[in-house]
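Work through the exercises below with the sequence and the structure at hand. Each task is followed by its solution.

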Amino acid sequence: MNPPKLWNLRDPLCPPDVVRIDRRTQWANPFRMSVFGRDAAIEMYRWLWFRDSATAPFYVFHPNHKEKVALAVQEWSKSLKYGSRDLSLLRRQLDANPNVGCRCTPLPCHWNVLEGLLGYVKEGVTNGPAADS
């Protein structure tokens with residue numbers, strides 16, 4: 001199967017029925033690029049899925065970022081109001097509609113993390129994020 005087509009939600013040609021992964025969804029990256037920078041925000045989003053302190057980016061535990069990281073993790077928890085973070089659910093949505101929309105493309109974004117995670121999801125297996133501490 002071909003990977004989903006990534007659309008910028010600001011593009012006037014973007015289909016109206018794309019599978020959204022922006023801030024109005026449970027797939028949003030709570031680490032804002034305006035606060036942490038693009039690369040750090042993406043790496044911290046990857047860390048958020050696994051919560052492995054051995055592989056955490058250094059800025060996750062940096063004293064200057066402690067409060068900002070805590071607020072982002074709270075935002076991540078609150079975004080569950082939009083739905084489950086079961087990756088097999090996202091896979092099924094993309095199987096039905098292979099168009100995904102965010103506001104970052106063509107620049108790198110958290111879709112790169114989700115795309116990698118989806119490569120390991122098998123039907124019926126929940127690979128949701130680590131439990132919030």
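**Exercise 1.** How many helices and strands does the protein have, and in which pattern do they follow along the sequence?

Solution. This is a predicted model. Its secondary structure consists of five helices and three strands. From the start of the sequence to the end, these elements give β-β-α-α-α-α-β-α.

**Exercise 2.** What is the strand order in the open sheet, and which strands lie at its edges?

Solution. Step one: the order of the three strands is β1-β3-β2, and the pairing is parallel. Step two: β1 (5-8) and β2 (19-20) each pair on one side only, which makes them the edge strands. Step three: β1 and β3 (residues 99-102) run parallel and are joined by four bridges. In one pair, Asn8 has Cys102 of β3 as its bridge partner.

**Exercise 3.** Which residues of helix α4 are buried, and why do they line one face?

Solution. Step one: take buried as under 20% relative accessible area. In α4 (residues 87-96), Leu87, Ser88, Leu90 and Leu94 are buried. Step two: viewed down the axis of α4, the buried residues fall within an arc of 155°, so they line one face of the helix. The general rule is that an α-helix has 3.6 residues a turn, so residues three or four places apart point the same way. Step three: the cover over the buried residues of α4 includes β2, α2 (38-50), β3 and α5 (111-118).

**Exercise 4.** What percentage of the protein's residues is buried, and what area does the protein expose?

Solution. Of the 133 residues, 43% are buried. The exposed area is about 7800 Å², with 55% of it supplied by carbon and sulfur atoms.

Definitions and conventions:
Residues are numbered from 1 along each chain as its sequence is written. This is a predicted model: local features need pLDDT of at least 70, side-chain atom pairs count only at pLDDT 80 or more; totals for chains, interfaces and linings use all residues. Side-chain values use heavy atoms; hydrogens and water are left out. Two strands pair if DSSP finds at least two bridges between them. Helices (H or I, at least four residues) and strands (E, at least two) are DSSP runs, numbered from the N terminus. Buried means under 20% relative accessible area, exposed over 50%, partly exposed in between (1.4 Å probe, protein chains only). The arc is that of the directions from the helix axis to the C-beta atoms. Contact means heavy atoms within 4.5 Å. Accessible areas come from the Shrake-Rupley method with a 1.4 Å probe; for residues, only the protein chains shown count as cover.
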